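Student: I should like to learn how to read the features of a protein model. May we go through them one at a time?

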Amino acid sequence: MSLCSGLLFLLALPQAAAAQSSPPVLTNAVSVLSLPPDRATSGLDVSLQGVVTAAQPDWHGKFFVQDDSAGIFVVSSNSEQPLPGDVVRVTGVSHPGGYAPIVFEADWVKVGEAPMPDAKRVSIEQLMSGVEDSQRVEISGIVRGVQVEEHSMIVEIVSGGYRFRAYAPLAAADDPRLLTGSQVSVRGTAATSFHPALRHLVAVTVYIPLASDLTMEQGQPGDPFADPITPLDSVA
């Protein structure tokens with residue numbers, strides 16, 4: 001080996017080492033969700049494509065997206081946001097998030113539209129444990145109350161001794177009052193509420209993107225005040 005070629009070889013070594021040590025781009029949701037907090041904090045490059053499963057009008061650039069591997073929460077670098085059913089290409093960096101890793105400082109571009117991903121049938125225990133965070137799920141329960149807001153209605157649902165809220169489009173019920181007392185099945189994206197300092201789960205909410213994702217399995221019972229009066233001393 002000549003002196004010149006030897007010098008060129010030595011100069012190329014640092015560049016080759018740097019290329020080998022640079023972290024790969026994360027190309028699906030599950031690879032981001034699998035990161036331990038210390039790795040997620042380092043801001044690894046993320047580039048993925050999926051279907052938007054939840055995006056409320058007042059989220060200001062935040063949304064959930066799901067690809068073939070899993071669903072994940074995205075915080076956009078601006079206030080614009082896509083609509084449920086949009087297929088988007090997302091580029092950003094990893095972040096530990098408040099409860100699970102997310103895509104942060106993201107840019108996105110719409111590349112098409114697609115049906116909602118299939119919803120995974122889960123038990124109430126699975127839902128309330130937080131393991132289905134950011135995933136599209138399906139669950140049944142009894143409606144205990146409905147609140148109507150400007151863009152959606154909040155449905156209070158009870159199942160197996162647990163209570164959770166579901167945000168549904170106003171078009172999901174002609175008369176929201178008729179939902180109270182009925183058994184419903186909902187399909188939507190599970191989202192955790194958490195204690196920021198402790199990263200401790202506080203509650204779980206389901207965001208229903210389509211009116212067809214809320215179905216009544218059994219109507220509300222008859223007027224409870226039409227039943228015979230039960231004397232207090234005969235209760236229990």
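Student: Which residue takes a positive phi in the hairpin of E8 and E9?

Tutor: It is Gly 160, whose phi lies near 55°. This model is predicted, and the hairpin has two residues between strands E8 and E9.

Student: How many bridges join the two strands of that hairpin, and in which sense do they run?

Tutor: The general idea comes first. Strands of a sheet pair through backbone hydrogen bonds, in either a parallel or an antiparallel sense. In this case, strand E8 (residues 152-159) is joined to E9 by eight bridges, and the two run antiparallel. One may follow the pairing at a single position: Ile 157 has Phe 164 in E9 as its bridge partner.

Student: In which sense does E9 pair with E11?

Tutor: E9 and E11 pair in the parallel sense, over three bridges. Two positions illustrate this pairing: Arg 165 stands opposite Thr 205 in E11, and Ala 166 stands opposite Val 206 in E11.

Student: How many bridges join E11 to E10?

Tutor: There are seven bridges between E10 and E11, and these strands run antiparallel. Thr 192, for example, has Val 204 in E11 as its bridge partner. E11 thus pairs with E9 in the parallel sense and with E10 in the antiparallel sense.

Student: Is Thr 205 buried or exposed?

Tutor: A residue counts as buried when its relative accessible area is under 20%. Thr 205, located in strand E11, has a relative accessible area of 11% and is therefore buried. Leaving aside residues up to four places away in sequence, Thr 205 touches Arg 165, Tyr 167, Thr 189, Ala 190 and Ala 191. Arg 165 is also the residue that stands opposite Thr 205 in the pairing.

Student: Which strands close into a barrel, and in what order?

Tutor: Five strands do so, in the order E1-E2-E3-E5-E4, and their pairing is mixed. Within this sheet, neighbouring strands are turned by 50° against each other on average, with direction ignored. One pair in the barrel is strand E1 (residues 45-54) with strand E4 (residues 86-95), which are antiparallel over seven bridges. Here Gly 50 is found opposite Val 88 in E4.

Student: Which residues does Leu 48 touch?

Tutor: Leu 48 belongs to strand E1. Not counting residues up to four places away in sequence, Leu 48 touches Thr 27, Asn 28, Ala 29, Val 65, Asp 67, Val 88, Arg 89, Val 90 and Val 103. With a relative accessible area of 4%, Leu 48 is buried, because the cut-off for that class is under 20%. As for one of those contacts, Leu 48 and Val 65 lie 17 residues apart in sequence and 9.5 Å apart in space, C-alpha to C-alpha.

Student: Which residues lie nearest the centre of the largest pocket?

Tutor: They are Phe 64, Phe 73, Ala 191, Thr 192 and Phe 194, out of a lining of 19 residues. The space in this pocket is about 350 Å³.

Student: Which strands each supply at least two residues of that lining?

Tutor: They are strand E2 (62-66), strand E3 (71-76), strand E10 (183-195) and strand E11 (200-207). E10 gives the largest share, four residues. By class, the lining of the largest pocket contains 11 nonpolar, six polar and two charged residues.

Student: What volume does the second largest pocket have?

Tutor: Its volume is about 200 Å³. The second largest pocket has 16 lining residues, and Ala 55, Gln 56, Pro 57, Pro 84 and Pro 209 lie nearest its centre. Strand E9 (residues 162-169) gives the largest share of this lining, three residues. The classes here are 12 nonpolar, four polar and no charged residues.

Student: How many helices and strands has the protein chain?

Tutor: The protein chain has four helices and 12 strands. Of its 236 residues, 42% count as buried. Among contacts between residues at least 6 apart in sequence, 58% join residues at least 24 apart.

How values were computed. Residues numbered from 1 in each chain as written. Predicted model: local features only at pLDDT ≥ 70, side-chain atom pairs only at ≥ 80, totals over all residues. Heavy atoms only, no water. 1 Å grid on protein atoms, 1.4 Å probe; cavity = no way out; pocket = protein on both sides within 12 Å on 5 of 7 lines; lining within 4 Å. Points joined across faces, edges and corners; volume = space filled by probe spheres on them. Nonpolar A, V, L, I, M, F, W, Y, C, P; charged D, E, K, R; others polar. Pairing = 2+ DSSP bridges. Axes fitted to C-alpha atoms, helices over the stretch in contact; angles between N-to-C directions. Buried < 20%, exposed > 50% of the residue type's maximum accessible area, 1.4 Å probe, protein only. Contact = heavy atoms within 4.5 Å.
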